[in-house]
Amino acid sequence: MEILRTVAELRRWSRSKRNNGGNSIGSLIGLVPTMGALHAGHVSLLRSSRASCGFTALSLFVNPTQFGPLEDFARYPRAFEADCALAEAEGVDALFAPSVEEMYPAGATTFVDVGDLGNRLDGQSRPGHFCGVATVVTKLLIAAEPDRAFFGQKDAAQVAVIRRTALDLRVATEIVVCPTVRDAEGLALSSRNAYLSPAERKQALALSRAVRQVEALAAQGERRSGALIAAAREIFSAEPGVRVDYVAVVDWATLEPVEIAAPGTLFAVAACVGSTRLIDNAILA
Ligand code: AMP
């Protein structure tokens, strides 16, 4: 596995692997962007990439522009050695771990503005978050020129933002979305779960319980968003340690609320457990 620190190195690596524009799996390049502190959710993206691309690059970059001033940028878990070992074991071909200065040259003033989409769901409580996400993902796609880039459905609003950005900027990379990986009790895996005390971890299960309940109701034919949201809120009301940020039924592309859920509609929740903000969601069948 090659460890790359600069955009120029990543671009050189990608171009050296690309095989004269052929499109067999062997010549395709997959990119898995992450902030590190890898877990089984990240591994599932790496495996999807390895299954459909001849070469897989993993990026590890805690992106400062997607954190608000009072958020957890400084204390976000960083585990470079363990991440390298896991990446190596998963057959990653190139690991890209740039510095902040490498990704944001001194005096940087150029950012990707995703419009109103950036102010919905997490964007409402985390102003500027999706601008930071769209900016760093665009930089990674320009640098790596991957055929495919892999993202988790766990961050469903982020997926909507990245799909929109890739479409609007006419990026050639195919955006691939992989299912949410959960622990044995249903909690969606997240690097931030490391912040949770054992008691908080139990409380955090309310998110996946709410998601499962709404999925079950939708499967039984309940389509009214109001009823789906009420059912989820009832679950949260039984867990006073969980402070709900949003419970929403939205169009997965625009993130705008819908009155009546249809196949492909996004049900999403965000809540704080102690000082840890967690999210979960389901795409309704
Ligand atoms: P992060 O390192 O948290 O920024 O996540 C990097 C990528 O991994 C994003 O595309 C996430 O959506 C994805 N991811 C994070 N957690 C999970 C999970 N539990 N299941 C599937 N994908 C995930």
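A nitrogen atom of the ligand sits 2.8 Å from a polar backbone atom of V181, which is a polar contact (a pair of N or O atoms within 3.5 Å). This is a predicted model, where local features need pLDDT of at least 70 and side-chain atom pairs count only at pLDDT 80 or more, while totals for chains, interfaces and linings use all residues. Numbering starts from 1 along each chain as its sequence is written, and side-chain values use heavy atoms, leaving out hydrogens and water.

**Around the ligand**
- On its own the ligand exposes 480 Å², and the protein buries 94% of that (Shrake-Rupley method, 1.4 Å probe).
- There are 17 residues around the ligand, and M35, H42, D155, V181 and L189 come nearest (near means a heavy atom within 4 Å).
- A backbone N or O atom of M35 is 2.9 Å from a ligand oxygen atom.
- For H42, a polar side-chain atom lies 2.9 Å from an oxygen atom of the ligand.
- Helix 2 gives the largest share of the shell, 3 residues (helices are DSSP runs of H or I, at least four residues; strands are E runs, at least two; both are numbered from the N terminus).

**The sheet**
- Six strands form an open sheet in the order 1-4-3-2-5-6, with parallel pairing (strands pair if DSSP finds at least two bridges between them).
- Strand 1 (2–4) and strand 6 (174–178) are at the edges with a single partner strand each, so one side of each has no neighbour in the sheet.
- Strand 5 and strand 6 run parallel, joined by 5 bridges.
- A149 stands opposite I175 in strand 6.

Conventions: Polar contact = N/O pair within 3.5 Å; in protein donor to acceptor, adjacent residues only side chain to side chain.
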